[in-house]
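Got your viewer open and a selection box ready? Here is a short walk through the interior of one protein, stop by stop.

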Amino acid sequence: MATFQVSTEQHGELHCWRIRSRFAELLIARQGAQVLSYQRTGEPPLLWLSDEAIFRQGKSVRAGAPVCWPWFGDLQRNPETVRSMYHAEQAPAHGLVRTRDWQLLSLEEVGETLRIEFEMADAQGGLPGWPHTVALKLVIVLDEALTLQLTSRNLGDSPVAISQALHNYFAVSDVRQTKVDGVEGLAYIETLADWQQRYQQSALTFTGETDRIYLDTPPTLSIVDPAWGRRIILTSSGSRSAVIWNPWTARAKELPDMADDGWQRMLCIETANVWDDVVQLQPGASSSLGVRIDCEVTPQA
């Protein structure tokens, strides 16, 4: 008897796969190879899917785990080495692969582990304005946790510089009642105050719009959510930077694909290679960015 059940679904204009196991349920879109939602059996969702999400070709869904590559955020805020890779006038936010269809290469079940592999073939010379040849693959592993691993291998004969992120939207009971552990003592870039560098004195709590780049991050960060009695544990690899974001009230009202109060139920912690943590790929070299998303029960408030 199969451990996993896989079915296809159409959400708006997007082709998706829904995967169920005794551990969890996962929804993945072909566009962007984007995990849209992730929920363990009998528990609240771990990855957040906006109530007002727009499922349209050419638009990244506000949900789950978008892949930002070969740059993160505003290209002009990236180091010159990353900016110089792109040769077109208009540079979309968060790169070129979130809104393109990826190819499903394999879906392999081994015991109670499911391994799903996607490839972005256009990264091998087919991305407009980005004339480089990189083998780009995303591997998603579902067992008692969820693991995402994005691997870039330079197939060309010149160095390639990239910034990137797994732009994870986490579901929380109320962001005002949660905190992030693991950032204590870290330097961060405060993008909402002229990109000043500051220092985090204690665990991060939320009282307003937040958009920070944390530097030299440890491998493990966690979201403590007392109302839901859990700690979401993020274990990263190939990364020493993280972006933490919540739009709060005014910004949320400007977003057409987020309910006015949607900010209360989500928190982004993006496993990243940004700022001084960009990836320099020599010819033939490869680099992987990964995160494992797990959860443990804690005493409820």
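The tour runs from the core to the pockets, then to a cavity and the cysteines. Keep in mind as you go that this is a predicted model.

**Stop 1: the core.** Select Trp-69, Trp-102, Trp-130 and Ile-140. Within the largest nonpolar core, which has 78 residues, these four touch the most other members. Now add strand 9, residues 134-142: this strand gives the core its largest share, five residues.

Stay with Trp-102 for a moment and show its surroundings. Leaving aside residues up to four places away in sequence, its contacts include Arg-30, Val-67, Phe-118, Glu-119, Leu-136, Lys-137 and Leu-150.

Another core of ten residues lies apart from the largest one; select Phe-72, Ile-213, Leu-215 and Val-243, which are among its members.

**Stop 2: the largest pocket.** Keep Phe-72 selected and add Gly-73, Ala-93, His-94 and His-167. Of the 29 residues lining the largest pocket, these five are the closest to its centre. The space here comes to about 670 Å³. Colour strand 18 (210-215) and strand 21 next, as they are the elements that give two or more residues to this lining. By residue class, the lining has twelve nonpolar, eight polar and nine charged members.

**Stop 3: the second largest pocket.** Move to Ser-37, Gln-39, Pro-45, Leu-47 and Leu-49, the closest to the centre among the 17 residues that line this pocket. Its volume is about 220 Å³. Strand 3 (24-29), strand 4 (34-40) and strand 5 (45-47) each contribute at least two lining residues. The lining here consists of ten nonpolar, three polar and four charged residues.

**Stop 4: the cavity.** How many cavities of 30 Å³ or more does the structure hold? There is one, with a volume of about 80 Å³. To find the largest cavity, select residues of its lining, including Thr-217, Pro-218, Leu-234, Ser-236, Ser-241, Ile-269 and Thr-271. Strand 20 (230-237), strand 21 (241-246) and strand 22 (266-273) are the elements that give two or more residues to this lining. Its residues divide into six nonpolar, five polar and no charged.

**Stop 5: the cysteines.** A search of the whole structure turns up zero disulfides. Select Cys-16 and Cys-68: the sulfur of Cys-68 is the nearest cysteine sulfur to that of Cys-16, at 18 Å. Cys-16 is buried, with a relative accessible area of 0%. Finish at Cys-295, whose nearest cysteine sulfur, that of Cys-268, is 17 Å away. Cys-295 is also buried, at 11% relative accessible area.

Methods:
Residues numbered from 1 in each chain as written. Predicted model: local features only at pLDDT ≥ 70, side-chain atom pairs only at ≥ 80, totals over all residues. Heavy atoms only, no water. 1 Å grid on protein atoms, 1.4 Å probe; cavity = no way out; pocket = protein on both sides within 12 Å on 5 of 7 lines; lining within 4 Å. Points joined across faces, edges and corners; volume = space filled by probe spheres on them. Helix = DSSP H or I, 4+ residues; strand = E, 2+ residues; numbered from the N terminus. Nonpolar A, V, L, I, M, F, W, Y, C, P; charged D, E, K, R; others polar. Disulfide = S-S within 2.5 Å. Buried < 20%, exposed > 50% of the residue type's maximum accessible area, 1.4 Å probe, protein only. Core = buried A, V, L, I, M, F, W, Y, C linked by side-chain atoms within 4.5 Å. Contact = heavy atoms within 4.5 Å.
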